[in-house]
Amino acid sequence: FPSHDIIDMNGLWINGSDTLDFPSTNNGNKSDLTITVTGAAEGDVVSLGIQNSVNLNHSCFTAWVSATDTVTVRFSNYGTGALDPVSATFKVKVFK
């Protein structure tokens, strides 16, 4: 494997989860909610897990560490009308 494909298994995964209820979001807009993940720091790698029931056409969810101990989950609406995801449990794993 090239050096950039090697995974450092000496790192640490920290976990967090919360029930998030995103508001109805107009087309071309986004909505942000946060999950507390103790130990998370800006620049850490974030993996996001969502339930299938929250998935909507023409939209996506992304996540990043936005502040110490805080992961922001963003819902982006790329459709032509407002979208309102159902309330669901979102899981995050942060790699240190």
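Which residue in β5 is the bridge partner of Leu33? Select Leu33 and look across to β5: the partner is Val73. Keep in mind as you explore that this is a predicted model.

**Stop 1: strand β5 and its neighbours**

Now select residues 70-77, which make up strand β5. Six of the eight residues here are buried, so the strand is mostly covered. Next, add residues 30-36 to your selection. This is strand β2, which runs antiparallel to β5 and is joined to it by seven bridges.

Then colour residues 59-67, strand β4. β4 also pairs with β5 in the antiparallel sense, this time over eight bridges. To find one of the linked positions, click on Val65: its bridge partner in β5 is Val71. Follow the chain from β4 into β5 and you will go round a hairpin with two residues between the strands. Pause at Asp69 in the turn, which has a positive phi of about 65°.

**Stop 2: the nonpolar core**

In soluble globular proteins, nonpolar side chains tend to be buried together. Here, the largest nonpolar core has 17 residues. Select Phe22, Ile35, Val37, Phe61, Val73, Phe90 and Val94, the members with the most contacts inside this core. Two or more residues each come from β1 (13-20), β4, β5 and β6 (88-95). Which element gives the most to this core? Strand β6 does, with four residues.

Stay with Val94 for a moment and show what surrounds it. Leaving aside residues up to four places away in sequence, Val94 touches ten or so neighbours you can click through, including Trp13, Val37, Val46, Val65 and Val71.

**Stop 3: the aromatic rings**

Select Phe22, Phe61, Phe75 and Phe90, which form one aromatic cluster. The structure holds six aromatic pairs. One of them is Phe22 with Phe90, an edge-to-face pair at 5.6 Å centre to centre, with 65° between the planes. Phe22 sits in the loop between β1 and β2 while Phe90 belongs to strand β6, so this pair ties together parts that are 68 residues apart in sequence. Are these two rings buried or exposed? Phe22 is buried, with a relative accessible area of 1%, and Phe90 is buried too, at 0%.

**Stop 4: a threonine in the loop**

Finally, select Thr25, in the loop between β1 and β2. Its relative accessibility is 2%, so Thr25 counts as buried. Show its surroundings, again skipping residues up to four places away in sequence, and you will find that Thr25 touches Lys30, Ser31, Phe75, Asn77, Gly81, Ala82 and Leu83.

How values were computed. Residues numbered from 1 in each chain as written. Predicted model: local features only at pLDDT ≥ 70, side-chain atom pairs only at ≥ 80, totals over all residues. Heavy atoms only, no water. Buried < 20%, exposed > 50% of the residue type's maximum accessible area, 1.4 Å probe, protein only. Pairing = 2+ DSSP bridges. Core = buried A, V, L, I, M, F, W, Y, C linked by side-chain atoms within 4.5 Å. Contact = heavy atoms within 4.5 Å. Phe/Tyr/Trp six-rings, centres within 6.5 Å; stacked < 30°, edge-to-face > 60°.
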